[in-house]
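Let's take a look around a protein model together. Keep the picture open while you read, and look up each spot as it comes along.

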Amino acid sequence: MAAHQQPAMDEGMHHANYHYGHAHLLARYCDLPDPLHPPRLQGYLQHGWNMGDGLAPGTPFVDGSKIFVWSEETRRRSWSQGRRDVIVVGAPFAYLLEMEPEPADAPEPEGTIFYPFHGWEGQQISGDHQKLIDEVKKVETGPVTACLYWNEYRMKSVRKIYENAGFRVICHGYRGFWWRDHNREFLVGQLKELRRHRRVVSNRLCSAVWYGALAGREAAVYGDPMVLDNADPTFGGEPRLRRQWPELYGHQTDNAVTHALARQQLGADELAHPDELRAILGWPASTERVK
Amino acid sequence: MSERSAALLPNEGTDFAAALSAPPVNNLRRIGGEMFAWSDRDPQRSQPLPRGAVLRHLLRQYAGPGRTVLVAGPHSEEVVAALADTGASVSWLLRSLIDAEEAARGNSRITVLAGAAVKLDAAEKFDLVVAADGVDRLNSAEGEQMSAAQLVDRLAEAVQPDGVLLLMHDNRLGVHHTVRLEPGARERLDSDWYNTDDETDTQRPASQEQLTARLAQSGLTVAAAYAAFPEPAAPTVLVGEGLLGEVASPLRPRLGTALSQAFAGAFRGRPVLSDPRRLVNRALRAGAEGTVAPAWLVIARGPGAAPAVEGHELLIGDARGTFAYEVTSAGDQVRTTVLEPLEGPIEREGLRRISEPTAPGADVGYVLEERLEHLAATSDLRRMRVELAQYDAWLRSQAQDGLLTGPVAVAGLADVFVTEDGPALLPTNWEPVESVALETAEIRAVWSFAVQLITSGQPHPWPITSNAVDLTATILGMVGQGIAADSVRAAVELHVRLETAEYGLSLSDQHDRRLQLLAVSPGSASVDVAGFRELTEALWRQRYEASHLLAMMDWTEQIIKSRDLQVSKMDWEVQFYKKTWAGRFLWISRSAYRVIMRDGRKFMRGRRARKAEAQSNAVR
């Protein structure tokens, strides 16, 4: 997919706002009449947890655009990097949890969902998958589901490694590109999978781990973090993750602590009211009072 | 608004690859909360770093071999180096990892702690804690945030029982905030992810008393407190106990002059709401300089056997460099003592930096410039002539063969202190290497005063439309000295040299400055501190002048119309006389009549004279 290797993004792009069905999910939260086709967001929505300014590295950015970030800490950092008009809205996943609280009669979660650290369309990772699998098998006691990023899931050889290990191999789908092929239910499916499991683990601290912690799952990061091609060291790289959030590292972690941290990082305590969110995102105001 | 993406684009800003490949430093400890892709040393991203000779002088009093020092937050290298030079064991807390690594590499004698103040080891205590940058840059963008009050507490907790805390605390009521005219300031700096001017924080100590009380809660006693001017980051004048708020102090006139010079230097060319010198001057009259001081510098001692803290009434020092001196009063005498000498002789533009400031010993008197301003405002021309005559005589008495040497040659009227024994010179910064013509020196002093009267919108008894040269001519005329255009030009040249020595003007700046100063008219705004009030005042004067010019133009227009009519009528008459026979006849008749009348009268006068002469001869 040539377009994916070097995104031909024009200056006015906001297509990342639709990744993972983020815009759709917020439209649903805001009770927009047609949440499957949300109107344009008047700004850039942070589309993944990061330790930079909230935008993906190299994102072409139009000066003067608003930036919607997940947490106050990201807002501060973003300001320090020269960004202005940075508004904390919270992570779309946190909104999903608000809309879909865990049912009281939900089946008992079981096993572990494992997210091997993934690259993306522009950067591939290199590392020893087998070594990682061995460590996961050694640590995790229940059944393990390996959730691969879409491009790794498509690579039969990689998938096979995890299948041979006896893992159930899944993929949450394609996050979409250039307003096309979005899995609008990406986060819904992810939440469903997270809730099936007792633990969420990864070899690198990433959005999925925070999501799991926010959803009340045991969250742990361990194993070879693998190396990302052309990794950008601007914000400290992988070693910083380990230093700054050591609470999530190790085979066992403290649930209360990781949950509290997830609430901070995903802005779960700073979610906007639907009407407020409409106003912030530049969506039409509701004529009826939303519950 | 800056929306730079320096950190995001590899070809701009810091070379991270180089930074990462640099060898690790073993005097750096990362304590947590350190910021990546960030530097407080970049003036485009963060506030200036604290520096200055008085700061360095004070700090060194409490550091020394065997003593541990914590420097909290970004400071200029010179401050930290001064501490390390004492032989103390210095730890330096920096939130920026880039700054921390650079500091560690550049100063092998110190330990650098990279991170936020909240991550400081609570068990670690220091003999001296230095926070000349205040508390605003002790939080990082990462992790837990502490309020200003908590940070003050945290610094106090880091002091040994027998230790000392030196803290510079920004005053939100400070004159530097009051006069600020900086549209978009809130958005300008990348360091202001929280507004550092937040005046709604009810816990933050808002006065010197509140700061003292806050420190007392942590067991520290403020042993010396100073009002710091003109800016928190570069204090050049510190006013301490004995002078602070004491309107009767004999040091008051020196303080006024020192503050005026300090603000002129710090705010030169900076747009402000109003010239801070006027506000400070009013505060000085009210003894309220502590209330409007840009910052308070407090030196607090722990409850144990902390070193003695020496107080100073007035400390004055360079913003850049080492030079600092103290002015004290003892009984009715005033003494100036150099605390830190110049690093070496400085000569610029034919001027030499003065290394031993001297001050008149008498404590009773007044600054000549202030007195003249007052007399100008009250239109007291008689006393003004007396003052100027005294000044003129004093200046002439210092000259030899019409030439002046030493500081007096470049002293302004603000540098002259008039005592019972006559005028004397206050401490100044520069003296000419070669002598200066008396006339040039005097014209410069008076012209400079005239410029100030005009550009600061001060009331004076002369026409509002007078320009600086007009006023100079009038004022010097009071002492019987006329001025020529060339002599004003020479005086302005001397003034530009003085400014170049003081502020390091480039050749192009000097050229522009010369033109600006030579053209000071009623419509000129301030020539040093660009105050909005002074600008609107100049605009008002321009309009005032323009409205009168318009009225005069109307009047002239009417007069010309009227004259045109008269001329036209006369022209018609002339043409009538010249062109028609009747006219010619009348013209000839009138001319003949005039000739007859003229010659007839002449004849009669001659006849009467001759008759009278004959009669007088007959009487003899």
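Start with a residue tucked inside chain A of this predicted model. A:Tyr20 counts as buried because 25 other C-beta atoms lie within 10 Å, and the cut-off for buried is 20 or more. You'll find A:Tyr20 in the loop that runs between helix H1 (2–5) and helix H2 (22–29) of chain A. Its backbone has a quirk too: A:Tyr20 is not a glycine, yet its phi is positive, at about 55°. Why point that out? Most residues other than glycine have a negative phi.

Chain B has a residue with a positive phi as well: B:Glu349, again not a glycine, with a phi of about 55°. B:Glu349 sits in the loop between strand S14 (347–348) and strand S15 (351–353) of chain B. Is B:Glu349 buried or exposed? Neither label fits: with 18 other C-beta atoms within 10 Å, B:Glu349 is partly exposed.

Here are the two side by side:

| Residue | Phi | Other C-beta atoms within 10 Å |
|---|---|---|
| A:Tyr20 | about 55° | 25 |
| B:Glu349 | about 55° | 18 |

Now for a peptide bond. The one joining B:Phe229 and B:Pro230 is cis, with an omega of about -5°. Most peptide bonds are trans. B:Pro230 belongs to the loop between strand S7 (221–229) and strand S8 (237–239) of chain B.

Next, a pair of helices. In chain B, the axes of helix H12 (residues 368–377) and helix H13 (residues 381–398) come within 9 Å and cross at roughly 155°. An angle over 145 degrees counts as roughly antiparallel, so that is how H12(B) and H13(B) lie to each other. The crossing of H12(B) past H13(B) is left-handed. Which residues meet there? From H12(B) come B:Leu368, B:Arg371, B:Leu372, B:Leu375 and B:Ala376, while H13(B) brings B:Arg383, B:Met384, B:Glu387 and B:Tyr391. Sort the residues of this contact by type and you get six nonpolar, three charged and no polar ones.

Finally, zoom out to chain B as a whole. Its secondary structure adds up to 19 helices and 22 strands. The C-alpha atoms of chain B fill a box of roughly 130 × 60 × 45 Å along the principal axes. The radius of gyration of chain B is 35 Å, whereas a compact globule of 620 residues would be near 25 Å. Of the 620 residues in chain B, 43% are buried. And among its contacts with a separation of 6 or more, 72% are between residues 24 or more positions apart.

Terms used:
Residues are numbered from 1 along each chain as its sequence is written. Chains are lettered from A and ligands numbered from 1 in the order in which they are written. This is a predicted model: local features need pLDDT of at least 70, side-chain atom pairs count only at pLDDT 80 or more; totals for chains, interfaces and linings use all residues. Helices (H or I, at least four residues) and strands (E, at least two) are DSSP runs, numbered from the N terminus. The radius of gyration is taken over C-alpha atoms; the globule rule is 2.2 Å times the number of residues to the power 0.38. A residue is buried if 20 or more other C-beta atoms lie within 10 Å of its own, exposed if 12 or fewer, and partly exposed in between; C-beta atoms are placed from the backbone. Two residues are in contact if their C-beta atoms, placed from the backbone, lie within 7 Å. Axes are lines fitted to C-alpha atoms, for helices over the stretch in contact, and angles run from 0 to 180 degrees between N-to-C directions. Angles under 35 degrees count as roughly parallel, over 145 as roughly antiparallel, 65 to 115 as roughly perpendicular and the rest as oblique. A crossing is left-handed if the near helix is turned anticlockwise from the far one by less than a right angle, and right-handed if clockwise. Ala, Val, Leu, Ile, Met, Phe, Trp, Tyr, Cys and Pro count as nonpolar, Asp, Glu, Lys and Arg as charged, and the others, Gly among them, as polar.
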